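This report deals with the contact between two chains and with the sheet that runs across it. Confidence in the model is taken up at the end.

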Amino acid sequence: MVLTFVEIGISKEEALEALQVVRQECHGDATRTAGGSGATRKCTALELLEEEQAQGFIITFCSALDNILGGGVQLTKITEICGAPGVGKTQLCMQLAVDVQIPECFGGVAGEAVFIDTEGSFMVDRVVEIATACVRHCQLIAEAHQEEDNLKALETFSLESILSHIYYFRCRDYVELLAQVYLLPDFLSEHSKVRLVVVDGIAFPFRHDFEDLSLRTRLLNGLAQQLIIIANDHKSAVVLTNQMTTRIGQSQSTLVPALGESWGHAATVRLIFHWDNSQRLATLYKSPSQKESTIPYHITSHGFRDVQPPAVTQNAEDTEMNPRKRPRREEEK
Amino acid sequence: MAAKKLRRARLSEELCERLSRYQITTCQDFLCLSLLELMKVTGQSYYDVQKLLCKVSRACAPKMQTAYEMKLRKSVNPSSAFLSTTLHSLDKVLHGGVPCGSLTEITSPPGCGKTQFCIMVSVLATLPVSMGGLDGAVIYIDTESAFSAERLIEIAGSRFPTYFDSDEKLFCMTSSVHLYRELTCGAVLNRIMSLEEEIISKKVKLIIIDSVASVVRKEFDTKLQGNLAERSNFLARGASVLKYLAEEFSIPKSEMLGPVTAQFGSMGHPLGVLGGCGDLLGLEMINRWVFSSVFGLLPAPSGSTVVTIVLTCC
């Protein structure tokens, strides 16, 4: 369009001005309504930097894992957790569903959580344990620092409130999952405090009963796109869990994340959980801003935690918070 | 839910007519199409198709519940949450016993006591609630012909001599254990699919499959191409149906996988030991118990630490 104007003999800038005037005259209302959401998708890197620095992270209570992630699970990004069965993926999801609700004065994002369960591995009793430990942890901090804000926040941060703000959906097959993800934007608009969407696990409904693999790839890509839009529009973190599958090589077989190569592009951050003898390890496999590293972690009765090195001296506060840790170390020896 | 007809999703008659001409009659058909295809078959604009998608999604999406509501519902009926195994240390570690409403997998090298355990649990399930049982019938799907009715009576008589004091009581118990001998994968899958009616009519409270690995190993040779995919397909389908049944009817289900495959770690190491088929294919079992000949039972369910308990089989 500019070129046709230039043919007349005016400069490109003058042509652009003319075009803009014409557009405004013709489109008027249409641009105003359609451009609403489009405008927020365009910004400079400086604006983005300010946003990123102000954004909170959802901590995992395992400081080593938080460190390699750069602070915790990031909002507005999709994080994928892959691992063999029993390694702790659902544990971390339940931990995050509790941690997202930590009040801001304790370093949390004070949000709510949506938990979409396709495998039926969500155990309420376990969430109760994790939430109780989290509340206790905050209470200890409040007692130590004795600040008004902390004590006030504790009044609303209780076991009942944590459980009431975890919105649970049980999807039995991939159609229910697709339907639920189509309805998520409306749900999130009604519940604007949601800062975490967990889909545990994304692989299970797609791994059987699918003869048409191209349909599967298309549906998965569609899901990934919708989740990215949800993550950005509602400023929430999206956490997905994936299974591992065996890739049969020529001489050996390796465990790789399921759902194929193209699914690997869906998540921004990829964590792989695996075993090394009896130690659970988490590897940051893919991240745009952090380097690849592996750390050990533990699953205690209180939830997802660091591995405590035996040489660390425990002060009174620590023993109160994690009374089970010492007995276990003795047992392991 | 997926097979729900579009008519029931409250779409207009003429729209349903139009869609049925393209063979789109269920919610599943509708939701699997891309936006462009939907626009073509419905003849409507982008925004209208979005609204239609929401309408159809609402018809098949699951209901929301908060974790708090789930907890309240559980606390109303605490005794029905678990089936106690009557092994106190095991029950303590498992926070109650075999959980109702979910799938439990038991794996071990041969000869450790899996079938014995299953027979014992069958007896327990038929006991009245006051004695810690489920007061219901048991469905026992046997693929190895390892179930012995005489052993069942022996266990019942020795374990609960005061309760099973008459032959009548024993016969009553044995008549509530329904045994199905299935010797092929296809037969097992068919049996699982048809369980829903049996559960309701016979008031079943426990389902045991002994064992999945033996029948799978017989039929699928992983060295042959394509068999691995078929095998995982079969297992995943079976597992998802079982999970649905477990949750719908709130019954504990014990699925047994057979001996450990040698390539996946040594037997002495509990956490390196993987079940016969489960880990190879990434099957998610909610509770996995590993029997080992040295250590006894090492449960590794989600949420608990791994603890060793010594069991004796007698």
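In this predicted model, 6 residue pairs, both residues at pLDDT 80 or more, are in polar contact between chain A and chain B. A polar contact is a pair of N or O atoms within 3.5 Å; within protein, one must be able to donate a hydrogen and the other to accept it, and residues adjacent in sequence count only if both atoms are side-chain atoms. pLDDT is the predictor's confidence in each residue, from 0 to 100.

Seven entries make up the following table: the elements of chain A that give two or more residues to the side touching chain B. Helices (H or I, at least four residues) and strands (E, at least two) are DSSP runs, numbered from the N terminus.

| Element of chain A | Residues |
|---|---|
| helix 6 | 89-99 |
| helix 7 | 124-145 |
| helix 9 | 159-164 |
| strand 5 | 166-170 |
| helix 10 | 174-190 |
| helix 11 | 213-233 |
| strand 8 | 244-248 |Helix 10 of chain A gives the largest share of that side, 10 residues. By class, the side of chain A that touches chain B has 25 nonpolar, 10 polar and 16 charged residues; Ala, Val, Leu, Ile, Met, Phe, Trp, Tyr, Cys and Pro count as nonpolar, Asp, Glu, Lys and Arg as charged, and the others, Gly among them, as polar.

The two chains bury about 4500 Å² between them, 61% of it on carbon and sulfur atoms. Buried area is the accessible area (1.4 Å probe) that two parts lose on being put together, summed over both.

Strand 5 of chain A and strand 1 (residues 65-66) of chain B run antiparallel and are joined by 2 bridges. A:Y168 has B:Q65 as its bridge partner in strand 1 of chain B. The open sheet has 10 strands with mixed pairing, in the order 13(A)-12(A)-11(A)-10(A)-3(A)-7(A)-6(A)-4(A)-5(A)-1(B); two strands pair if DSSP finds at least two bridges between them. Strand 13 (303-306) of chain A and strand 1 of chain B stand at the edges with a single partner strand each, so one side of each is left without a neighbour in the sheet.

The mean pLDDT of chain A is 83, with 86% of its residues at 70 or more.

Local features need pLDDT of at least 70 and side-chain atom pairs pLDDT 80 or more, while totals for chains, interfaces and linings use all residues; side-chain values use heavy atoms, without hydrogens and water. Residues are numbered from 1 along each chain as its sequence is written, and chains are lettered from A and ligands numbered from 1 in the order in which they are written.
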